[in-house]
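Work through the exercises below with the structure open beside you. Try each task before reading its solution.

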Number of protein chains: 2
Amino acid sequence: MASMPTVTDVALAAGVSRQTVSNVMNSPGIVRADTRERVQAAIAQLGYRPHASARRLRTRRSSTIGIRLDPMIDGISGSVLDRFLHALTEQADKQGLRVLLFTATSPEDEITQLQRLNDGADVDGFVLTSTFAGDPRTKWLIENGISFVTFGRPWGTNDMNDPQHLWVDVDGWAGLHEATRAAQDGGARRIGYIGWPSPSGTGEDRRRGWRDAMLERGDVTEDDLALLEVVCEDGVAQGTAAMQELRRTAGTLDAVLCASDSLALGAMIANPERVPVTGYDNTPVAAAIGLSSVDQSVDEVAAGVLELLTGEFSGHVQGAPESDEPRHRMVKPRLVVREFAAIPMDVPGRATA
Amino acid sequence: MASMPTVTDVALAAGVSRQTVSNVMNSPGIVRADTRERVQAAIAQLGYRPHASARRLRTRRSSTIGIRLDPMIDGISGSVLDRFLHALTEQADKQGLRVLLFTATSPEDEITQLQRLNDGADVDGFVLTSTFAGDPRTKWLIENGISFVTFGRPWGTNDMNDPQHLWVDVDGWAGLHEATRAAQDGGARRIGYIGWPSPSGTGEDRRRGWRDAMLERGDVTEDDLALLEVVCEDGVAQGTAAMQELRRTAGTLDAVLCASDSLALGAMIANPERVPVTGYDNTPVAAAIGLSSVDQSVDEVAAGVLELLTGEFSGHVQGAPESDEPRHRMVKPRLVVREFAAIPMDVPGRATA
DNA sequence: AAAAAACATTTGATCGATCAAATAAAATCA
DNA sequence: TGATTTTATTTGATCGATCAAATGTTTTTT
């Protein structure tokens with residue numbers, strides 16, 4: 001296999017100069033139409049492909065974004081990040097961007113990695129996931145003037161409309177609000193909620209979606225609402241325990257909403273009356289079991305992240321021009337309703353004869 | 001922020017030439033100890049980081065491996081590939097290799113992507129997953145002399161010991177054999193198996209592990225064995241149906257092994273007698289539910305892939321020197337035994353009072 | 001002690017592309 | 001028509017590192 005042709009080879013074949021070839025690829029507008037066609041023909045004929053590293057060396061940009069691959073802490077919910085990663089890779093590809101992975105063992109280690117990739121001109125910017133209040137990574141990136149966008153709003157100090165950095169997030173409030181409404185429209189009055197303990201920005205956001213929808217409708221009193229809510233850490237076993245408690249405290253239960261699919265799966269297990277359970281994240285498990293779930297629309301999140309990273313702010317807030325362009329994207333999740341009966345709960349009493 | 005220092009800056013600071021700095025980084029052995037230390041001190045002091053693209057342009061290698069991110073077809077089992085991806089990224093990092101992602105919509109499209117990344121000198125080689133018999137990708141890569149290793153042995157035509165390409169795989173036979181032995185050692189005699197229909201190299205491999213272990217022990221006859229086996233497509237619902245059938249045909253059942261965690265989860269649902277069920281892949285779901293499962297040791301697979309990719313064959317078989325070095329790695333999975341009782345199967349009859 | 005060999009370091013060229021500035025060609029104006 | 005602007009294309013320099021070969025040092029050999 002002969003070595004790859006270069007711009008010079010193409011230029012020679014098309015009877016033009018190197019730079020014209022370069023222009024055809026980068027600013028086709030300034031090249032006369034007939035010249036352009038001639039060059040494009042030569043490119044096609046020789047099978048020319050630009051050498052990515054050479055271009056990066058000269059332009060000082062890599063057309064690559066870095067993202068940390070999390071060590072699946074919670075395996076079930078972790079799949080949201082995987083889906084996001086897939087969507088991001090796919091859409092980045094369409095814009096000529098590449099996605100480079102890295103791993104880290106701690107936020108501090110992650111900063112070391114960020115620095116390494118940035119200094120080595122390996123990436124133009126980063127996408128941060130699983131951010132938390134007082135995250136040292138965002139602080140470091142801002143201080144060093146590096147482009148980045150987070151998947152997850154800055155919980156805590158910042159005003160949402162004047163953030164220190166660009167972000168995209170999913171509106172958990174709207175998701176739970178919609179799920180509650182859907183249950184109510186289906187005739188449910190007493191709708192329970194299994195959520196996470198404080199402090200959890202995400203958890204509180206989702207919880208309020210349920211709470212607000214319940215109070216708006218006015219089917220239950222505030223006091224009653226307290227009995228319809230159980231708080232526990234995330235996990236299947238925890239969900240089962242929470243469901244058992246809910247059935248004890250709540251009295252009648254027409255439906256149950258959960259802050260995650262893990263909890264929902266757990267709740268399902270202690271659910272002999274087949275009370276409709278709705279989860280969050282629309283993970284494969286929910287699909288397999290036939291649980292309704294709130295889907296995070298990772299495609300829209302990925303699109304938003306790329307827009308902010310390559311758009312007007314190009315990944316920065318500091319030093320960016322005055323602009324009315326919003327500095328974040330709030331993505332509305334969508335409720336996926338499933339037929340609950342999909343899971344044949346076989347029990348001793350009715351075991352196959 | 002001042003622009004990054006270059007080799008020349010370091011050379012100036014250390015009072016040596018560019019090349020010596022380069023040598024300190026790439027062949028430290030040929031630099032005298034005291035010079036080396038002086039250079040290293042300058043590197044540390046200036047915070048020098050080599051410019052990855054410049055290096056790649058000159059050396060004509062990218063220190064990057066490409067891997068396609070699959071569009072999670074089967075969400076549950078898909079997590080094995082995610083874990084593999086994580087392990088690969090982590091270990092590649094330690095060797096100074098980066099992992100670049102890409103997506104594709106079909107094997108043909110994937111070939112286009114492979115070509116693009118290879119021609120653009122973006123990657124040195126590829127890791128292929130989810131290979132199948134007659135895979136056009138392996139054919140294309142071999143024809144074009146591009147480095148690659150597959151996760152998955154070449155099912156079908158090739159002799160395992162004289163393959164056309166390098167591969168790493170997990171020994172499904174050994175996994176099921178061990179799982180069967182473990183059940184037998186626990187006193188089980190009649191051990192059922194829920195597997196996949198032919199033709200499936202992987203499925204047949206696992207099935208034989210169970211079959212061989214059963215016959216070796218001689219607790220059941222060949223005829224009996226046929227009654228202990230059910231075949232169905234992968235999926236939770238399918239697993240449930242298969243379990244119901246197994247309970248009908250098998251008579252007594254001391255344990256059930258499944259070809260996947262999806263099937264195992266399904267089997268669990270139709271399992272009022274709490275017959276021990278073992279899955280395959282050790283997915284988060286298995287962990288959450290408390291199922292025993294065969295773990296694919298993705299760390300070892302990742303290590304094997306990198307060894308083959310960077311080792312003696314450097315990702316090629318064709319044109320490689322005669323060598324006794326094995327051209328594949330067969331990784332032994334390990335059985336993860338879990339307490340079955342972890343899942344509180346609440347049923348109407350014994351619902352909380 | 002001079003010659004040869006081994007080791008250590010430096011210099012100039014190069015990888016493939018794009019930038020910035022210079023030149024050539026075409027279009028517009030006086 | 002000749003001067004001026006606009007548009008199209010080319011040339012030389014450069015990004016930051018490593019290669020190949022040359023030069024300078026030290027060690028070994030005879």
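## Exercise 1: The two sides of a helix

On the other side of helix 7 of chain A from its buried residues, A:Lys139 and A:Glu143 are exposed. The model is a predicted one. Find which residues of helix 7 (residues 136-143) of chain A are buried, how they are arranged around the axis, and what covers them.

Solution.

Step 1. List the buried residues. In helix 7 of chain A these are A:Arg137, A:Thr138, A:Trp140 and A:Leu141.

Step 2. Look down the axis. The buried residues cover an arc of only 165 degrees, which puts them on the same side of helix 7 of chain A.

Step 3. Recall the general rule. An α-helix has 3.6 residues a turn, so residues three or four places apart point the same way.

Step 4. Find the cover. The elements over the buried residues of helix 7 include strand 1, helix 6 (107-119), strand 3 (125-128) and strand 4 (147-151), all of chain A.

Step 5. Check the end of the helix. Just after helix 7 of chain A comes A:Gly145, with a positive phi of about 65 degrees.

## Exercise 2: A strand with neighbours

Decide whether the residues of strand 6 (residues 191-195) of chain A are buried or exposed, and state which strands pair with strand 6.

Solution.

Step 1. Count the buried residues. Strand 6 of chain A is mostly covered, with five of its five residues buried.

Step 2. Sort the residues by direction. In a regular strand the side chains alternate between the two faces of the sheet. In strand 6 of chain A, A:Ile191, A:Tyr193 and A:Gly195 point one way, while A:Gly192 and A:Ile194 point the other way. Both groups are buried.

Step 3. Take one partner. Strand 8 (residues 255-258) of chain A runs parallel to strand 6 and is joined to it by four bridges. Here A:Leu257 of strand 8 is opposite A:Tyr193.

Step 4. Take the other partner. Strand 7 (residues 229-231) of chain A also runs parallel to strand 6, with three bridges between them. In this pair A:Val230 of strand 7 stands opposite A:Ile194.

## Exercise 3: The surface near DNA strand C

Describe the protein surface near DNA strand C: how many residues surround the strand, which helices supply them, and which polar pairs are found?

Solution.

Step 1. Count the residues. DNA strand C is surrounded by 27 residues, and the closest are A:Val7, A:Gln19, A:Ser22, B:Thr35 and B:Arg60.

Step 2. Sort them by class. The surface near DNA strand C has nine nonpolar, ten polar and eight charged residues.

Step 3. Assign them to helices. Helix 2 (18-26) and helix 4 (52-59) of chain A, and helix 2 (18-26) and helix 4 (52-59) of chain B, each supply at least two residues. The largest share, five residues, comes from helix 4 of chain A.

Step 4. See which parts of the DNA are involved. Of the atoms of DNA strand C within 4 Å of the protein, 56% belong to sugar or phosphate and the rest to bases.

Step 5. List the polar pairs, beginning with the bases. An N or O atom in the side chain of A:Gln19 is 2.5 Å from a base nitrogen of DNA strand C. For A:Ala54, a backbone N or O atom lies 3.3 Å from a base nitrogen. A phosphate oxygen of DNA strand C lies 2.9 Å from a backbone N or O atom of A:His51.

Step 6. Turn to the buried residues of helix 4 of chain A, which are A:Ala52, A:Ser53 and A:Arg56. Seen down the axis, they fall within an arc of 95 degrees, so they line one face of the helix. They pack against strand 1 (64-68) and strand 2 (98-102) of chain A, together with helix 4 of chain B.

## Exercise 4: A buried histidine

Explain why A:His177 counts as buried, and name its side-chain polar partner.

Solution.

Step 1. Locate the residue. A:His177 lies in helix 8 (residues 172-185) of chain A.

Step 2. Apply the cut-off. Buried means under 20% relative accessible area. A:His177 has 12%, so A:His177 is buried.

Step 3. Find the partner. The side chains of A:His177 and A:Glu216 are joined by a polar contact of 3.0 Å.

Step 4. List the contacts. Leaving aside neighbours within four places in sequence, A:His177 is in contact with A:Gly209, A:Trp210, A:Asp212, A:Ala213 and A:Glu216.

How values were computed
Residues are numbered from 1 along each chain as its sequence is written. Chains are lettered from A and ligands numbered from 1 in the order in which they are written. This is a predicted model: local features need pLDDT of at least 70, side-chain atom pairs count only at pLDDT 80 or more; totals for chains, interfaces and linings use all residues. Side-chain values use heavy atoms; hydrogens and water are left out. Buried means under 20% relative accessible area, exposed over 50%, partly exposed in between (1.4 Å probe, protein chains only). Two strands pair if DSSP finds at least two bridges between them. A residue is near a molecule or strand if one of its heavy atoms lies within 4 Å of it. A polar contact is a pair of N or O atoms within 3.5 Å; within protein, one must be able to donate a hydrogen and the other to accept it, and residues adjacent in sequence count only if both atoms are side-chain atoms. Ala, Val, Leu, Ile, Met, Phe, Trp, Tyr, Cys and Pro count as nonpolar, Asp, Glu, Lys and Arg as charged, and the others, Gly among them, as polar. The arc is that of the directions from the helix axis to the C-beta atoms. Contact means heavy atoms within 4.5 Å.
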